[in-house]
Amino acid sequence: MIYDQIQSGMGTKDDKNVPLGGKNEVIGPAIMMKSYLDQYDLRINACLYCGTETFQKDEGEVTRKLCAMVEKLKTDLVICGPAFNYHDYAEMASKVCLAINEKTNAAAVSAMSEENDDVIEQYKARIPILKMPKKGGFGLNDALKRICEYGSKYAKGEALSDLTTYCY
């Protein structure tokens, strides 16, 4: 999982300079995903995080380090998000997802709400962007389950034609 400062619990919406870091434990939305992860035989290796302003100040270096961490973890799937309706996080999640898919052996997906329509339009042809409700919106559990189902099939290279409605 790759989070911003808010979803990782390491900062607030105003505390955007949280340095790049990680935990080898389940934190943030991954806690709510436990039963869905189990259902699709997925497990969390690590939760990586970075403040959105830290990312914006040096996108290239932060992205390079995140890709290196993903390679070191030898993970099959990276979930970038859920970014909900947080625009800066949605942009970071999309850029990191694209880099992971292009530069590592892992498969990456992102997840965000429709309020990030400009980010979705910019990246939906290049990365899987899974539909999420906005923060506090209805349908969160269904969206988390869809992330796990889609992510599992995507990482295994299985057909996704029956899951196209999960993405933008």
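**A walk from helix to loop**

At 48% relative accessibility, Lys34 counts as partly exposed. In the terms used here, buried means under 20% relative accessible area, exposed means over 50%, and partly exposed is in between (1.4 Å probe, protein chains only). Before we go on, keep in mind that this is a predicted model, where local features need pLDDT of at least 70 and side-chain atom pairs count only at pLDDT 80 or more, while totals for chains, interfaces and linings use all residues. Residues are numbered from 1 along each chain as its sequence is written, and side-chain values use heavy atoms, with hydrogens and water left out.

So who does Lys34 pair up with? Its partner is Asp38, and the closest N and O atoms of this salt bridge are 2.9 Å apart. A salt bridge here is a side-chain nitrogen of Lys or Arg within 4 Å of a carboxyl oxygen of Asp or Glu. Side chains of opposite charge can pair when their charged atoms come close. Asp38 is partly exposed too, with a relative accessible area of 45%. Both residues sit in helix α2 (residues 34-39), four residues apart, which is about one turn of the helix. Helices (H or I, at least four residues) and strands (E, at least two) are DSSP runs, numbered from the N terminus.

You can find a similar layout in helix α3, where Glu53 and Lys57 are four residues apart and therefore separated by about one helical turn. Their side chains meet in a salt bridge of 3.7 Å, N to O. Glu53 is partly exposed at 29% relative accessibility, whereas Lys57, at 60%, is exposed. An α-helix has 3.6 residues a turn, so residues three or four places apart point the same way.

How many salt bridges does the structure hold? There are seven. Among the others, Asp162 pairs with Lys153, with the closest N and O atoms 3.4 Å apart, and Asp162 is exposed at 52% relative accessibility. Glu61, Arg64 and Lys65 are linked in a whole network of salt bridges.

Now follow helix α4 (residues 59-73). With 15 residues at 1.5 Å a residue, α4 should span 21 Å, and its end C-alpha atoms are indeed 21 Å apart. The expected span is 1.5 Å times one less than the number of residues. Which residues of α4 are buried? They are Val62, Thr63, Leu66, Cys67 and Val70. They cover an arc of only 135 degrees around the axis, which puts them on the same side of α4; the arc is that of the directions from the helix axis to the C-beta atoms. The face turned away from that buried side carries the exposed residues Gly60 and Lys72. The buried residues pack against β1 (2-3), β3 (47-49), α3 (52-57), β4 (77-80) and α5 (87-103).

Just past the end of α4 comes Lys74, whose phi is positive, near 50 degrees. Thr75 is in the loop between α4 and β4, and it is buried, with a relative accessible area of 16%. A polar atom of the Thr75 side chain lies 3.2 Å from the backbone oxygen of Leu77. Leaving out residues up to four places away in sequence, Thr75 touches Asn45, Val70 and Ala106, where contact means heavy atoms within 4.5 Å.

One of the partners of α4 was α5, so have a look at that helix. It has 17 residues and reaches 24 Å from its first C-alpha to its last, close to the 24 Å expected at 1.5 Å a residue. Its buried residues include Tyr89 and Met92.

Both of those turn up again around Asp4, which lies in the loop between β1 and α1 (5-8). Asp4 touches Tyr49, Cys50, Thr52, Tyr89 and Met92, not counting residues up to four places away in sequence. Asp4 is buried yet has no salt bridge, and the nearest side chain of opposite charge, Lys135, is 8.8 Å away. What does the side chain of Asp4 reach instead? It reaches the backbone nitrogen of Ile6 at 3.1 Å, and one of its polar atoms lies 2.8 Å from the backbone nitrogen of Gln7.

Our last stop is Lys134, in the loop between β6 (129-132) and α7 (140-156). Lys134 is partly exposed, at 45% relative accessibility. It touches Phe84, Asn85, Ser113 and Glu115, not counting residues up to four places away in sequence.

Definitions and conventions: Lys, Arg positive; Asp, Glu negative; His and termini not counted. Polar contact = N/O pair within 3.5 Å; in protein donor to acceptor, adjacent residues only side chain to side chain.
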